[in-house]
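The following exercises concern the sequence and the three-dimensional model shown below. Please attempt each task before reading its solution.

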Amino acid sequence: MAEEVKLLKSWSSRFGLRIVWALKLKGIQYDSIDEDLSNKSPSLLHYNPVYKKIPVLVHNGKPISESLVILEYIEDTWNHNPLLPQDPYHRATARFWVKFGDDKVLPSIWSAFLKQGKEQADAIDEAIENLKLLEEQLKGKKFFGGEEIGLVDLALGWLANLVPVIEEIIGMKIIDEERLPSLLAWMHEFSQVAIIKESWPPHDKLIVKYQDHRDLHLAK
Amino acid sequence: MAKSEVKVLGAWPSPFVMRPRIALNIKSVEYEFLQETLGSKSELLLKSNPVHKKIPVLIHGDKPVCESLIIVEYIDEAWSSAPSILPSHPYDRAIARFWAAYVDEKLFPSMKEIVSADGEETKKVAIQQVVDGLVLLEDAYTKCRKGGQFFGGEQIGYLDIAFGSYLGWLRVTEKFNQVKLLDEAKTPGLVKWAEAFCSHPAVKDVMPETDKLAEFAKVLAKARAAPPK
């Protein structure tokens, strides 16, 4: 049977990007559909009835939702160019930092983005504390995965894409040379990798989108 | 392997702590269960989980593994002989992981909303949310079980552990609020599954009795309401 791989995503979604990167890293051919999230397609609602969200990977007609679940599925299904190490302990460690990224880093950066004044300053402090833990994990390594990009790099890759956008909008630096040199170097290294670079959503378009989002939020 | 080679840091009431214990039982791995005291964190816990300072932690040899579902996957991979905890087919694995994430991110928080609800109306809404979630899981169960008793089929597996570990607290919530969350009418399959899960040899010594857990819940509520020392 010919492989049929479809990815429902959006032009900007950081979660969809993870899947694009994983598929490209493994050299998997796929069709990509950009959803208009203000007008979700019947396909999306059919493939992800529980959350009605992107990304959704559809492999030979079978849908998989939730980006981290999709990443593990891709890893289980296409064994070449592995995203995870072989050793169970190192796998558990990678999964730990992936979860830390989503559970702690992402909300704290989002909070820093959407708040103002003292609340924002506190949120930035918290974000930096979380980022320092990532900094420690990186020490001396090119990528979180070592010499090659791995699952943790894909899961945290949104930092390289979005933090510069956020910093530009709020007019403050969160990840800088002095506090987080390894993380800054990693962001640069990661975003220069060909398959990562070619899927980067346009910076200017992201600025407009996120600025609008912040304005709307602060107007409430 | 010597018993002291494998340790679980935890506490008996925690659904998250139950998960690695059930997984180790499935693999017939002996372990030492080190219980934390309510209100304080041991040196070993702070050293083994410096990032979150939370239970459970599995210590295998001298290596700590944190986050309950990550620990369960680790157990499945480190003791790779049968029985397997995760399904073997990638799609079945994805379905199990999807619903395990659902119970942690949606179902359990909505259960907690019943407890924290202020007023009858808010409570009703919270209860309905949980029931709606359980109906989704009933459907998932019908599809996953493939003729067996469990989400994992003939044997208990990853999703049974992830969801089943909440059954103690689900029953306490039912008891305190005089409501049936799992019921014969809406979730008949899950009612039977819950029985089978709780009486499974890998589970029964680890699942707390509802009354004991209810007593603990009262102690916990008091401790949280009390002014800080």
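**Exercise 1.** Determine which residues touch the most other members of the largest nonpolar core.

*Solution.* Step 1: a nonpolar core is a set of buried Ala, Val, Leu, Ile, Met, Phe, Trp, Tyr and Cys residues joined through side-chain atoms within 4.5 Å. Buried means under 20% relative accessible area, exposed means over 50%, and partly exposed lies in between (1.4 Å probe, protein chains only).

Step 2: the largest core has 147 residues, and those touching the most other members are Leu57(A), Leu131(A), Leu134(A), Leu159(A), Trp186(A), Ile22(B) and Trp193(B). Helix H4 (residues 88-114) of chain A supplies the largest share of this core, 13 residues. Helices (H or I, at least four residues) and strands (E, at least two) are DSSP runs, numbered from the N terminus.

Step 3: leaving aside residues up to four places away in sequence, Leu134(A) touches Trp97(A), Phe100(A), Val105(A), Phe144(A), Leu156(A), Leu159(A) and Leu183(A); contact means heavy atoms within 4.5 Å. Another core, of six residues, lies apart from the largest one and includes Leu8(A) and Val56(A).

The model is predicted: local features need pLDDT of at least 70 and side-chain atom pairs pLDDT 80 or more, while totals for chains, interfaces and linings use all residues. Residues are numbered from 1 along each chain as its sequence is written, chains are lettered from A and ligands numbered from 1 in the order in which they are written, and side-chain values use heavy atoms, with hydrogens and water left out.

**Exercise 2.** Describe how helix H3 of chain A is covered, and what its buried residues pack against.

*Solution.* Step 1: in helix H3 (residues 67-77) of chain A, nine of the 11 residues are buried. Among them are Ile70(A), Leu71(A), Glu72(A) and Asp76(A).

Step 2: the packing partners in chain A include helix H1 (14-25), H4 and helix H6 (151-156), and helix H4 (90-116) of chain B also takes part.

**Exercise 3.** Trace three salt bridges of chain A and state where their residues lie.

*Solution.* Step 1: a salt bridge is a side-chain nitrogen of Lys or Arg within 4 Å of a carboxyl oxygen of Asp or Glu. The structure holds 25 of them over all chains.

Step 2: Arg18(A) and Asp102(A) meet at 2.6 Å, N to O. Arg18(A) belongs to helix H1 and Asp102(A) to helix H4 of chain A, so the pair ties together parts 84 residues apart in sequence. Both residues are buried.

Step 3: Glu198(A) pairs with Lys24(A), with the closest N and O atoms 2.8 Å apart. Glu198(A) is exposed, at 53% relative accessible area, and Lys24(A) is partly exposed, at 25%.

Step 4: Glu72(A) and Arg95(A) form a salt bridge, with the closest N and O atoms 2.8 Å apart. Glu72(A) lies in helix H3 and Arg95(A) in helix H4 of chain A, 23 residues apart. Glu72(A) and Arg95(A) are both buried. Salt bridges with shared partners join Glu72(A), Asp76(A), Arg91(A), Arg95(A), Glu73(B), Glu77(B), Arg93(B) and Arg97(B) into one network.

**Exercise 4.** Explain why S2 and S4 of chain B each have one side without a neighbour in the sheet.

*Solution.* Step 1: two strands pair if DSSP finds at least two bridges between them. The open sheet of four strands in chain B has the order S2-S1-S3-S4, with mixed pairing.

Step 2: strand S2 (32-35) and strand S4 (63-66) of chain B stand at the edges with a single partner strand each, so one side of each lacks a neighbour in the sheet.

Step 3: strand S3 (residues 57-60) of chain B is joined to S4(B) by four bridges, and the two run antiparallel. Leu58(B) stands opposite Val65(B) in S4(B).
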